[in-house]
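Trainee: I have a model open and would like to learn how to read it. Could you take me through it feature by feature?

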Amino acid sequence: MIKIVNLSKSFGNKKVLENVNFEVSKGEFVFIIGESGIGKTTLLKHLYLEEFADSGEIYIFNKLIDKNIKQKEIQLLRRKIGVIFQDYKILPDRTVYENVILPLRYMGLSKAVCEERVEFALKFTKLIERKNDYPYYLSGGEQQRIAIARAIARQPEILLADEPTGNLDFNTSLEILKILIDLNFQGMTIIMATHDLELIKYYDNAKVYKIEGYKIVKL
Ligand SMILES: Nc1ncnc2c1ncn2[C@@H]1O[C@H](COP(=O)(O)OP(=O)(O)OP(=O)(O)O)[C@@H](O)[C@H]1O
Ligand SMILES: [Mg+2]
């Protein structure tokens, strides 16, 4: 599903990744760990086509991605890739329900299909009772679940989660992880960056990769 060959990336004269090789197959759950500032987010951004390699190759769904990729192709690929950011990026002036349905409306799906998907996503994340609330009134964990609901309602093939439990206590983090594990059981490919080394012990099926010294190594 994803294949990265000899990826190198610098920001100005700051080297972040060098000759990184990394592969993810359909249905896998992959944790990416590594200390703060090491390049986890940078790697995920390449997979969401927000950053492009200085050199090396990235294939997503067998398609070679480079700087010259057309905006239209980026949009098409992004339809199959869901993202959950650490800072949630939730709209504060919209209800839980609206936060989840709006991206679907942009995808041009019919109203009925959108409603059905939102219903499913909110039930899956146990938010259905909060659907008419504004995010302000929800806890950090609940807000994070909105971000997950919003991502899964789009039914992506790959879900990129960048520190989805970053600001949460351990039990809440575990709840979030369990939702992601459930999604993985249902066949979704998941790549999750985290600095929580306790958390990764809770899923034996997952592969763990560590970024260190500009490289990524499998643990
Ligand atoms: N757009 C950018 N311009 C310049 N430098 C950047 C940019 N994005 C990231 N960096 C730098 O690249 C390095 C890797 O950043 P990245 O965000 O990938 O780290 P991270 O592993 O996700 O860290 P954290 O655990 O704190 O989230 C950092 O030194 C960061 O300052
Ligand atoms: Mg990061």
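Mentor: We will go from the whole chain to single strands, a helix and a few residues.

Mentor: First, some ground rules: this is a predicted model, in which local features need pLDDT of at least 70 and side-chain atom pairs count only at pLDDT 80 or more, while totals for chains, interfaces and linings use all residues. Residues are numbered from 1 along each chain as its sequence is written, chains are lettered from A and ligands numbered from 1 in the order in which they are written, and side-chain values use heavy atoms, with hydrogens and water left out.

Trainee: How many helices and strands does the protein have?

Mentor: Helices (H or I, at least four residues) and strands (E, at least two) are DSSP runs, numbered from the N terminus. Here you will find six helices and 10 strands. The radius of gyration is 17 Å, close to the 17 Å that the globule rule gives for 219 residues, so the protein is as compact as a globular protein of that length. That radius is taken over C-alpha atoms, and the globule rule is 2.2 Å times the number of residues to the power 0.38. The C-alpha trace spans about 45 × 40 × 30 Å along its principal axes.

Trainee: What share of the residues is buried?

Mentor: Buried means under 20% relative accessible area, exposed over 50%, and partly exposed in between (1.4 Å probe, protein chains only). Of the 219 residues, 52% are buried. For contacts, the cut-off is heavy atoms within 4.5 Å. Among contacts between residues at least 6 apart in sequence, 68% join residues at least 24 apart.

Trainee: How should I read the faces of a strand?

Mentor: In a regular strand the side chains alternate between the two faces of the sheet. Try β7, residues 158-162, where five of the five residues are buried. Ile158, Leu160 and Asp162 point one way, Leu159 and Ala161 the other way, and all are buried.

Trainee: Which strands pair with β7?

Mentor: Two strands pair if DSSP finds at least two bridges between them. Strand β6 (residues 81-84) runs parallel to β7, joined by four bridges, and valine 83 stands opposite leucine 160. Strand β8 (residues 189-193) also pairs with β7 in the parallel sense, over five bridges; there, alanine 161 has methionine 192 as its bridge partner.

Trainee: What surrounds methionine 192?

Mentor: Methionine 192 counts as buried because its relative accessibility is 0%. Leaving out residues up to four places away in sequence, methionine 192 touches ten residues that you can pick out on screen, including Phe29, Phe31, Ala161, Leu177 and Leu199.

Trainee: Is glutamate 163 buried or exposed?

Mentor: Glutamate 163 is buried, with a relative accessible area of 9%, and lies in the loop between β7 and α6 (170-185). Leaving out residues up to four places away in sequence, glutamate 163 touches Lys40, Gln86, Gln144, Ala193, Thr194 and His195. Aspartate 196 is 33 residues away from glutamate 163 in sequence, and their C-alpha atoms are 8.6 Å apart.

Trainee: And how do I read a helix?

Mentor: An α-helix has 3.6 residues a turn, so residues three or four places apart point the same way. Helix α1, residues 40-47, has six of its eight residues buried: Lys40, Thr42, Leu43, Leu44, His46 and Leu47.

Trainee: Where do β1 and β2 turn?

Mentor: β1 and β2 form a hairpin with two residues between them, and glycine 12 in the turn has a positive phi of about 60°. Strand β1 (residues 2-11) pairs with β2 in the antiparallel sense over seven bridges, and isoleucine 4 has phenylalanine 22 as its bridge partner.

Trainee: What about positive phi outside glycine?

Mentor: Most residues other than glycine have a negative phi. Asparagine 19 has a positive phi near 50°; it sits in strand β2 (residues 14-24) and is partly exposed at 38% relative accessibility. Asparagine 62 has a positive phi of about 65°, lies in the loop between β4 (55-60) and β5 (63-65), and is exposed, with a relative accessible area of 74%. Leucine 49, just after α1, takes a positive phi of about 60°.
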